[in-house]
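The exercises below are meant to be worked through with the sequence and the model open side by side. Each task is followed by a solution that proceeds step by step.

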Amino acid sequence: MKSFVAALTRHPLSLAGTAIATAAAILFLTFFILDLMGMHGHPYSGILAYLIVPALFVFGLLLIPLGLRRARRRAAGAAEFPVLDFNQPQVRSRFLVFFVLTVLNVVIIAAATYKTVEVMDTTEFCGVTCHSVMEPEYTAFQRGPHASTRCVDCHIGPGAGWFVKSKLSGSWQVVSVALDLYPTPIPTPVHNLRPARETCEQCHWPQKFVGDRLKVLTRYDDDEANTPLKTVLLMRVGGLAGRQSQGIHWHVDPANTIRYRSDESREEIFEVELTSRDGRTDRWFAPGADEGEAATAGVWRTMDCVDCHNRPSHTFRTPEREVDHALETAHIAADLPFVRREGLRLVGVTYADKAAAEAGIRDGLAAFYAAEYPELARERAGDIAAAAQALHEGWSSNVFPGMKVGWNTYPNHIGHESSPGCFRCHDDMHETADGRVISQDCESCHSLLAMEETEPGILATLSP
Ligand code: HEC
Ligand code: HEC
Ligand code: HEC
Ligand code: HEC
Ligand code: HEC
């Protein structure tokens, strides 16, 4: 044992290696035990414990043989490699110590690898490590309905194949982040996203019959009273009913296959092909898209969940929806005169960064009330400041100057409000050879029970 220690300390390199590996092993075990005891700490601590410390450990281990070899070379005339003579008890005990330590090291490395993979799958790793790059997506994700799921559930999904694929492209992404090569904003749509069949359908399934869903949307007017306006829609979500599916989720009935040909952005759809249950194929063309060169332009894609739910997690809002949301959730006091109109004006200004936006919105709103409603500006300074704060928060959840992401950089395809969405196909213009069109009949998707009314009769009936 003594000679083993002597060998490890003979050369400064192996001495340093031993020190680094031992320190890393102790650190790692400490983190591991803390983790087992349920103390997880800051997201970065996981990255430190399971990415950086194990790397140091392996680095230390590698230094040891390097130092040993140098030391041997330095001793003049010695052979390159040691001669192992197991008849000598000293060699036997040295080998035993070496063997036990190696087994221990393998166990530590295996545990570390396992935890490394686990850490790389956490939302924090994706969202925080590459903070500036993923900031828009991470911010929106945290406000969305999937905040408690993990990035990898949609972006990688189960199974080894996509794991390896995404880690390979992930390695390139790390390099491109380090060297500042990534595009800003990150382009959408994601062309190599794993098919929704294998990701969304871990938790949702298209065969589920959802039926009709009542949706009450509250919007506000630009008048002095910020009058609330209600829109009531009965959404025909549908699903598989018996053997025949109906409504909006008819598109993802496994018995139907819809393919479409579009430009790279998928905003402009040239041709739609439907193969139905009975094997019949229908084709609809946008005006002129079946002639000459236009007949082969673009790329084909099979429609799935993401063609409508393209923002299930990173849902950015329009300025109008953001301000309406803040009014509806009382983050902005709805009795401040013209607060919607002024708020909308202020979040629409181009600011250089978050601090500039905060100051610009705060001062802009204060100046408006000081000029137009001086008495109210004094009495309700607190509410005005709170409204400015809420507006700033809305701005910074949608606008990221560092990534060149602004309002409406990422269109939402559900509906037809912030982008053509459903109307990319349902525009009464895509036509079959025999003159049938993909319909824009309002009632086929939803019954419009009320549209921007102050006191819709339907709501009085439902909740007298
Ligand atoms: C519920 C599923 C889901 C979750 C969870 C999810 N994403 Fe996404 N993400 C998507 C979809 C779908 C797209 C593709 C949109 C498209 O192609 O139009 C996307 C696109 C992206 C893009 C490309 C830019 C863009 O906005 O289109 C980035 C970057 C991204 N996601 C990062 C993340 C990060 C980081 C997390 C975790 C904090 C995460 N995603 C969690 C579904 C998800
Ligand atoms: C790990 C499980 C999981 C995965 C994977 C997942 N979801 Fe979800 N999804 C949920 C949960 C849980 C909710 C319910 C959230 C709630 O009620 O607030 C939800 C809610 C939704 C909703 C309703 C949102 C709303 O505003 O009420 C939609 C739409 C949706 N998911 C679409 C998708 C799509 C599209 C994908 C694939 C890109 C996907 N989900 C992947 C778990 C998942
Ligand atoms: C043709 C477009 C389209 C496709 C394709 C589509 N959806 Fe939807 N889905 C909708 C619309 C529209 C709604 C109603 C949304 C609303 O009113 O908020 C909806 C609602 C939902 C909801 C909420 C249902 C509820 O209980 O309220 C979930 C979950 C969902 N979709 C998941 C999926 C999944 C998973 C897929 C793929 C298998 C999918 N959708 C495919 C358009 C689509
Ligand atoms: C192809 C299906 C489809 C057709 C056709 C359609 N809509 Fe919609 N509409 C939707 C969906 C999906 C939404 C989104 C609901 C939501 O917010 O989740 C929507 C939302 C709306 C809203 C609410 C907008 C908001 O957010 O305030 C109005 C108003 C509306 N539609 C009116 C119409 C009218 C009028 C027509 C007929 C010209 C029409 N729609 C045709 C699918 C359709
Ligand atoms: C890629 C093109 C495409 C997009 C995008 C699209 N649809 Fe469709 N949709 C079709 C086609 C094709 C049909 C079948 C038309 C026919 O048979 O006449 C259809 C049919 C429908 C039907 C009637 C289903 C039935 O019961 O027969 C509804 C409802 C519908 N779509 C709603 C929507 C909504 C809501 C959206 C947006 C969230 C949407 N669609 C987006 C192509 C599309």
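**Exercise 1. The site of ligand 2**

Which geometry does the site of the iron atom of ligand 2 have, judged from the angles among its 6 donor atoms?

Solution. The structure is a predicted model, and the values used in every step are computed from it.

Step 1. The angles among the 6 donor atoms run from 86 to 179°, and the site of the iron atom of ligand 2 is octahedral.

Step 2. The protein contributes H146 and H204, each through its NE2 atom, at 1.9 to 2.0 Å from the iron atom of ligand 2.

Step 3. These two histidines come from distant parts of the chain: H146 sits in the loop between α6 (131-143) and α7 (151-155), whereas H204 sits in the loop between α8 (160-178) and β1 (211-220), 58 residues apart.

Step 4. Buried residues have under 20% relative accessible area and exposed ones over 50%. H146, at 21%, is therefore partly exposed, and H204, at 48%, is partly exposed as well.

**Exercise 2. The site of ligand 3**

Identify the protein donors of the iron atom of ligand 3, and state which parts of the chain they tie together.

Solution.

Step 1. The protein donors are H249 (NE2) and H309 (NE2), which lie 2.0 Å from the iron atom of ligand 3.

Step 2. Among the 6 donor atoms of this site the angles span 88 to 179°, and the site is octahedral.

Step 3. Because H249 belongs to the loop between β3 (244-246) and β4 (257-262) and H309 to the loop between α9 (305-308) and α10 (319-328), the pair ties together parts that are 60 residues apart in sequence.

Step 4. H249 has a relative accessible area of 25% and is partly exposed, and H309, with 37%, is also partly exposed.

**Exercise 3. The site of ligand 1**

Describe the site of the iron atom of ligand 1, and decide for H155 and H314 whether each is buried or partly exposed.

Solution.

Step 1. H155 and H314 are the protein donors, each through NE2, and they lie 1.9 Å from the iron atom of ligand 1.

Step 2. With angles of 89 to 180° among its 6 donor atoms, this site is octahedral.

Step 3. H155 is in helix α7 while H314 is in the loop between α9 and α10, so this pair ties together parts of the chain that are 159 residues apart in sequence.

Step 4. H155 is partly exposed, its relative accessible area being 39%, whereas H314, at 17%, is buried.

**Exercise 4. Helices α10 and α11**

Why can α11 be called largely enclosed by the rest of the structure, and which elements cover its buried residues?

Solution.

Step 1. Of the 9 residues of α11, 7 are buried, so the helix is largely enclosed by the rest of the structure.

Step 2. The buried residues of α11 are V339, R340, E342, G343, L344, L346 and V347, and what covers them includes β1, α10, α12 and α14 (381-398).

Step 3. The contact with α12 can be described further: α11 (residues 339-347) and α12 (residues 354-372) pack at an angle of about 145°, with their axes 10 Å apart, and the crossing is right-handed.

Step 4. On the side of α11 the contact is made by V339, R341, E342, R345, L346 and V347, and on the side of α12 by G360, I361, G364, L365, F368 and Y369; these residues divide into 7 nonpolar, 2 polar and 3 charged.

Step 5. Helix α10 is likewise largely enclosed by the rest of the structure, because 7 of its 10 residues are buried, namely P319, R321, E322, V323, D324, A326 and L327. Just after α10, A330 takes a positive phi of about 60°.

**Exercise 5. The surroundings of H446, and the protein as a whole**

Locate H446 and list its contacts beyond its neighbours within four places in sequence.

Solution.

Step 1. H446 lies in strand β8 (residues 446-453) and is buried, with a relative accessible area of 13%.

Step 2. Outside those sequence neighbours, H446 is in contact with L233, L234, M235, R236 and H416.

Step 3. Between H446 and I248, which are 198 residues apart in sequence, the C-alpha to C-alpha separation is 9.3 Å.

Step 4. In the protein, 65% of the contacts between residues at least 6 apart in sequence join residues at least 24 apart.

Step 5. The secondary structure of the protein comprises 16 helices and 8 strands, and 36% of its 464 residues are buried.

Methods. Residues numbered from 1 in each chain as written. Chains lettered and ligands numbered in written order. Predicted model: local features only at pLDDT ≥ 70, side-chain atom pairs only at ≥ 80, totals over all residues. Heavy atoms only, no water. Axes fitted to C-alpha atoms, helices over the stretch in contact; angles between N-to-C directions. Left-handed = near helix turned anticlockwise from the far one by under 90°. Contact = heavy atoms within 4.5 Å. Nonpolar A, V, L, I, M, F, W, Y, C, P; charged D, E, K, R; others polar. Donors = N, O, S within 2.8 Å, 3.2 Å for Na, K, Ca; no water. Tetrahedral: all angles 85-135°; square planar, octahedral: opposite > 155°, others 65-115°. Buried < 20%, exposed > 50% of the residue type's maximum accessible area, 1.4 Å probe, protein only.
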